[in-house]
Structure formats: structure tokens, C-alpha cells
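Got a few minutes to go through a model together? Have a look at the chain first, and then we'll get into the questions.

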Amino acid sequence: MKIPEPNISIANLIDKKAEEGQEAPRPHLGASLLGHPCDRYLWLMFRWAVIEKFDGRMLRLFQRGQREEAVIINLLRSIGIEVEERAEQMRVDFGAHVSGSLDGIILGGVPEAPTKKHVLECKTHSLKSFNDLTSKGVKESKPMHWSQCQVYMNGSKIDRTLYVGVCKDNDHIYTERVRYDEAAAIKLINRGYKITTSDRIPEPLSADPSWYQCKFCPCYDFCFNTHITKEINCRTCALSTARVNSTWTCMRYGEAEIPVEAQRTGCEGHVLHPDLVPWKVSNSDEDFTAVYEVEGKIIKNGAPDSQVYSSKELLDGTWKTEDLTFNFGR
């Protein structure tokens, strides 16, 4: 007889441990995302207004994909393909918060073009995804991967990518040499600039909650249900600005640059960005506060005092438990 699994199984403990190592959101807009169909998704992710949380199983899948890169590189080297791995050559930075990291650079040895350099892009696939890839090719089957290749080729000044896909179900390998499309690459990079330097939220890909590309998006709840962020950090604050030199500055502190780690927590003077809440904005007579109409009540948002509610108090509903008709706020 099979011994029944306990409520706290080994698998659950492993997944819980993996979740403890969940990475904080990236400070930049990654080149791997520039082919995503929705501008609003990219803006919300870059602003840390929606932070996607993954369960342990998904995190282990990501780790498997990362480990596969080294396996692929060793396989390529075993057949005489020369792969460059020096870290300083793997980073491509386009400015204005747009950047990414290459899996590798091939210096030579690709059978179809032995002397030609290639960007190396490694991906793992489920069987269904792999079959679609082999049937349609990278551009049609995986447009985000194709876009990533284009951006990397632009940044590295190399006009070919060797795309290597591995099926996790049966270890089959698919390879394709992807040609550089300069116009597409420039368009993607400019799109990144427009998103990272925009103070206002873009329109969504679709206003239809049943649209297939929206249904499983991590921003679905924001777009179609609440239209309110759950995150308090410098990037969701109305007083911060993303600069073209890839820094963030704060109006409250005289346009001082905000270090990345400080951005992650923000300060007590956080003011909810008006595009990240569903409330009507009223005029404020103070520089570092916002005035919102929330469920028929006029509420000040900023550094908390007897007249002002903090962003945390607004998001957790503290204001609902207090008499808003007394002393304006408290």
C-alpha cells in the first residue's frame, strides 16, 4: 500500500524554499520583454506597480532554463563552435533604462557560416511549444524571442543570431540562424525608451477582459477589476521621475537621484501615482501631497499627519475606520 503524502510534503517544502529566493524586480526594462504586445504591461512592470510572484514550481522551471544555457554551450563547443562567455561582453545597454544580457557570443564554427560571429540565444520549451517552433520558425512562433534576438544583435553589432531551442520533454534540439532586421530592432528599442520615460500609463492592449492575451496576464486584475496598485515604492510614487540617463530622481528631495535599493521601499512621503489608482484627482495647495476623492470623501495623500493619509493607509483601508468629517482627516 502506498504511504499517503503528509500535508507538508517534501515537494511542498522544496517549493517553499525556492520561493524564499524569489528575485526582486529588475531595475531596468529588459530586452527580453520589448516584444511583448502590451505597452501598459511593460509600463506597469517597469514601474513595479504590478510585481509578478511565481510559485516554487515555476521558479524551479526558470532555474532549469538557466542551467540549460551551460549545457547548450558545452554541446556547441563539443562540435567545434567557439562560444565567448566573458561577462563584460554579454551586457548590452541602450540607455534610458533599457538593457539586457546575452547568453553568449559565437566567434566562429557554425557549420553554415564557419567564420561569422553570431549572438547566441538559448531557450527551453515544452513539447507543444517546441513542435510549434519547429513548424513555424522563431519569428512566427515566438515573436518575443525573435524581438529579443533583434535587440541583442543591435546592441552587439552582430548581424546573426544562432537560436537554440531544447525540448524539455524529449531533449530534441532545434536551431535557427536569425537574420538582423535593423528597422525592427530600432523600433523595439525606441518603444522601450517611450515606455520607460513616460510619466503616464499607456492604453492597454485590449479593453475586452475576455481577450486571450489579457486573460492570463499578471496585470489583469489591475486593468479589469481594481485599477489600483498594491505596491508602495518609489516607482509608484507621483513625486519620482525616470530620467533618460537611467536614473530615478525625487521631487521631494530636490530632484536628488534615488539609489535602486531605496527605490524598492520608498519613503514615508510616498504619494500614489494618479494613474495607479481609480480615484478622481482634486487640486492640491501643497507641493508634496495629492488630493483624491475616494468613495465620495476628499482625502489628502502624502507624508502622514493629522491632515494627511499615507499611501499605506489608503491602500489598506485605514481611512474607512476613521471619522473623515473631523479635522479633515483625523
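What follows is a short round of questions and answers.

This is a predicted model, where local features need pLDDT of at least 70, side-chain atom pairs count only at pLDDT 80 or more, and totals for chains, interfaces and linings use all residues. Residues are numbered from 1 along each chain as its sequence is written, and side-chain values use heavy atoms, with hydrogens and water left out.

Q: At roughly what angle do the axes of α6 and α7 cross?
A: Helices here are DSSP runs of H or I with at least four residues, strands are runs of E with at least two, and both are numbered from the N terminus. Axes are lines fitted to C-alpha atoms, for helices over the stretch in contact, and angles run from 0 to 180 degrees between N-to-C directions. Since 65 to 115 degrees counts as roughly perpendicular, that label fits α6 and α7. The axes of α6 (residues 143–156) and α7 (residues 182–196) come within 9 Å, and they cross at roughly 95°.

Q: How many charged residues are in the contact of α6 with α7?
A: Contact means heavy atoms within 4.5 Å, and residues including Trp146 and Val151 in α6 meet partners in α7, among them Ala184 and Leu188. Asp, Glu, Lys and Arg count as charged, Ala, Val, Leu, Ile, Met, Phe, Trp, Tyr, Cys and Pro as nonpolar, and the others, Gly among them, as polar. The tally is seven nonpolar, three polar and, for charged residues, none.

Q: Is Ala184 buried or exposed?
A: Ala184 is found in helix α7. Buried means under 20% relative accessible area, exposed over 50%, and partly exposed in between (1.4 Å probe, protein chains only). Ala184 has 19% relative accessibility, so it counts as buried.

Q: Which strands stand at the edges of the open sheet?
A: Two strands pair if DSSP finds at least two bridges between them. The order is β12-β13-β14, with antiparallel pairing. Each edge strand has a single partner, so one side of each is left without a neighbour in the sheet; the edges are β12 (280–282) and β14 (297–301).

Q: Which residue in β13 stands opposite Val281?
A: β12 and β13 (residues 290–294) pair in the antiparallel sense over three bridges. Opposite Val281 stands Tyr292.

Q: How many disulfides does a search of the whole structure find?
A: A disulfide is a pair of cysteine sulfur atoms within 2.5 Å. The sulfur of Cys267 is 5.9 Å from the closest one, in Cys250, so that is too far for a bond. For Cys122, the nearest cysteine sulfur, that of Cys149, is 10 Å away. The search of the whole structure comes up with zero.

How values were computed. Angles under 35 degrees count as roughly parallel, over 145 as roughly antiparallel, 65 to 115 as roughly perpendicular and the rest as oblique.
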